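Student: Could you take me slowly through one part of this model, and then follow it outwards to the parts around it? Please say how each term is meant as you come to it.

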Amino acid sequence: MEEKKSKVILHGMWASTYSKRVEIALKLKGISYEYVEEDLKNKTESLIQLNPVLKKIPLLVHDGNPVADTQVILAYIDETWKNSPRFYPEDPYERAQVRFWVSYINQQVFEVMGRVMLQEGEAQAKSVEEARERFEVLEEGLKKHFPNKTIRGNDDVGLLDIIIIASFGVYKAVHEAIGVEIIDPVNTPTLYNWTEQLQQLPVIKEVEVPHDRLVTFLQKCREEHLQHGANA
C-alpha cells in the first residue's frame, strides 16, 4: 500500500493517450498525485531538467525520483504499489500475450493511425486500408487469446485494458475529427465491446477527455500539419 509520506507528481498533457495511460494506472491503484499540465510547445523547466534525455511527457516523479517513458512508468507503478489491480496476469503465457498485444498496439496500430490522422486524399485512403487490416489482426488476436472478456470493476483491469481504453476510448472523437471510422460493433465487435465495458467504470469516467474539446484539438493538429506540408 502507499506510504503516507510518498509524493507523486505526474507531468502530462490533457489530450495525450500516453499521459492518459499513466493517469488511469495511478487512479486504479488509488495513488494520490499532483498533476502538472505541460504545454508541449513551451515545456516547463522542471520537465526538461528531470527528463533530460527524452524531454517528453508523461513523466512521473516519485519522492523526487523521475521515471520516464510510458511503458517504464506503468511497470514502475505496478512494481512499487503492489496492491490490486496487478497489471500483469500471474500465468507466464498470459503475461506474454498481454505484452505482445500491447506492443502490437503501440507499434503497428499507433503508427498507421498517426498517418491516417495527418494525411489526405489517396495517401490517407491507402493508410485507412492498412489501418483496417491491422485492426482486423488486433480484433482476431483479442478474440482468440482473451475470449469472453468481462470487466465488472477495477480489479478486472490490467495493462492491456489500460492501453486499449487510453488508445481507443476516444474513437468517436477521432471519427468526428477526420471522418474515418475504424472501430465499430460490426467490424471490430470484440474491441468495441471491450472499450464500451471499460468506459462504464467510474475510474475511467474520471479521466475522460471532453469530446468536443478533443475533436477541435485533433482537427487543429491535422490542419496545421497539412498546411505545414503544403508550405514545405
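**A close look at one lysine and its setting**

Tutor: K20 counts as buried, since its relative accessibility is 11% (buried means under 20% relative accessible area, exposed over 50% and partly exposed in between, with a 1.4 Å probe and protein chains only). The model is predicted, and local features need pLDDT of at least 70, side-chain atom pairs count only at pLDDT 80 or more, and totals for chains, interfaces and linings use all residues. Residues are numbered from 1 along each chain as its sequence is written, and side-chain values use heavy atoms, with hydrogens and water left out.

K20 belongs to helix 1, residues 17-29 (helices, H or I of at least four residues, and strands, E of at least two, are DSSP runs numbered from the N terminus). A polar atom of the K20 side chain lies 3.0 Å from the backbone oxygen of V207, a polar contact (N or O atoms within 3.5 Å; within protein, one able to donate a hydrogen and the other to accept it, with residues adjacent in sequence counting only if both atoms are side-chain atoms). Once the neighbours within four places in sequence are set aside, K20 is in contact with W14, A166, V207 and V209 (heavy atoms within 4.5 Å). V207 therefore appears twice around this buried lysine, as a polar partner through its backbone oxygen and in the list of contacts.

From K20 the view widens to the sheet, for helix 1 lies across strand 1, strand 2 and strand 3 (59-62), and its direction makes an angle of about 155 degrees with strand 1 (axes are lines fitted to C-alpha atoms, for helices over the stretch in contact, and angles run from 0 to 180 degrees between N-to-C directions). The sheet is open and has four strands in the order 2-1-3-4, with mixed pairing (two strands pair if DSSP finds at least two bridges between them). Its edges are strand 2 (34-37) and strand 4 (65-68), each of which pairs on one side only, and the average twist from one strand to the next is 20 degrees.

The parallel part of that pairing includes strand 1, residues 8-12, and strand 2, which are joined by four bridges; one of the details here is that H11 has V36 of strand 2 as its bridge partner. Strand 3 and strand 4, by contrast, pair in the antiparallel sense, over four bridges, and L59 stands opposite A68 in strand 4. In a regular strand, side chains alternate between the two faces of the sheet.

The hairpin of strand 3 and strand 4 has two residues between the strands, and D63 there takes a positive phi near 50 degrees, a positive value in a residue other than glycine. D63 is partly exposed, at a relative accessible area of 43%. The loop between helix 2 (45-50) and strand 3 holds P58, which is joined to I57 by a cis peptide bond with omega about -5 degrees. K55 is also found in the loop between helix 2 and strand 3; although K55 is not a glycine, its phi is positive, about 55 degrees, and with a relative accessible area of 37% K55 is partly exposed.

Further along the chain, P85 is in the loop between helix 3 (70-80) and helix 4, and the peptide bond from S84 to P85 is cis, with omega near 0 degrees. At the start of helix 4, a side-chain oxygen of D91 comes to within 3.1 Å of the backbone nitrogen of Y93. The end C-alpha atoms of helix 4 (residues 92-118) are 38 Å apart, which agrees with the 39 Å that its 27 residues should span at 1.5 Å a residue (the expected span is 1.5 Å times one less than the number of residues). Helix 4 nevertheless has a kink of about 35 degrees centred on F110 (the angle between axes fitted to the seven residues ending there and the seven starting there). Its buried residues include W101, Y104, V109 and V112.

Helix 5 (residues 121-145) has 25 residues and reaches 36 Å from first to last C-alpha, close to the 36 Å expected; R134 and E139 are among its buried residues.
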